[in-house]
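Biologist: Please pick one part of this model and walk me through it slowly. I'm new to this, so spell out the terms as you go.

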Amino acid sequence: MAEITVTDAEQRLSTARILDVREDFEVEEGMIPGALHIPMGQLQARLSELDPAVPVIVVCRGGNRSARVADALNGAGFTADTMAGGMVAWTRAGLPTT
């Protein structure tokens with residue numbers, strides 16, 4: 001698993017799937033436009049919603065949960081990276097949210 005910057009993540013929006021693994025109450029504060037929301041605890045049950053052929057950028061609030069999920073996805077045959085600093089870094093950079 002690679003840890004990428006928010007700038008790298010923004011540049012890859014058109015070629016990668018953003019997976020937001022935060023809890024429902026956290027995503028109420030905003031998500032990256034086009035992101036798929038699957039709380040970390042539901043990932044195993046909803047894995048079929050991801051296409052193994054499409055790279056995944058995993059996002060959480062600060063980067064800890066997303067790193068664990070990215071590792072699990074890579075172990076399951078996906079290509080997954082984590083975004084350093086999570087949504088905290090994304091919003092601090094002034095990037096758009098929905």
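**A charged patch and the sheet**

Modeller: Let's start on the surface, where Glu 23, Asp 24, Glu 28 and Glu 29 form a negative patch. A patch joins residues with over 30% relative accessible area and no salt bridge, linking like charges within 9 Å and nonpolar side chains (Val, Leu, Ile, Met, Phe, Trp, Tyr) within 5 Å. Areas come from the Shrake-Rupley method with a 1.4 Å probe, and for residues only the protein chains shown count as cover. A salt bridge puts a side-chain nitrogen of Lys or Arg within 4 Å of a carboxyl oxygen of Asp or Glu. Asp and Glu count as negative, Lys and Arg as positive, while His and chain ends are left out; each charge is placed at NZ of Lys, CZ of Arg, CG of Asp or CD of Glu.

Keep in mind that this is a predicted model: local features need pLDDT of at least 70 and side-chain atom pairs 80 or more, though totals for chains, interfaces and linings use all residues. Numbering runs from 1 along each chain as its sequence is written, and side-chain values use heavy atoms, without hydrogens or water.

Glu 29 sits in the loop between α2 (24-27) and β3 (36-37). Helices (H or I, at least four residues) and strands (E, at least two) are DSSP runs numbered from the N terminus. Glu 29 counts as exposed because its relative accessibility is 67%; exposed is over 50%, buried under 20%, partly exposed in between.

β3 takes us to the open sheet, whose 5 strands pair in parallel in the order β1-β5-β4-β2-β3. β1 (2-4) and β3 are at the edges with a single partner strand each, so one side of each has no neighbour in the sheet. Pairing takes at least two DSSP bridges.

β2 (residues 17-20) runs parallel to β3, joined by 2 bridges, and to β4, over 4 bridges. Asp 20 faces His 37 in β3 and has Val 59 as its bridge partner in β4.

β4 (residues 56-59) also pairs with β5 (residues 80-83), parallel, over 3 bridges. Val 56 partners Arg 17 and, in β5, Ala 80; Val 58 partners Thr 82. Val 56 and Val 58 point one way from β4, Ile 57 and Val 59 the other, and all are buried.

Note on methods. Buried < 20%, exposed > 50% of the residue type's maximum accessible area, 1.4 Å probe, protein only.
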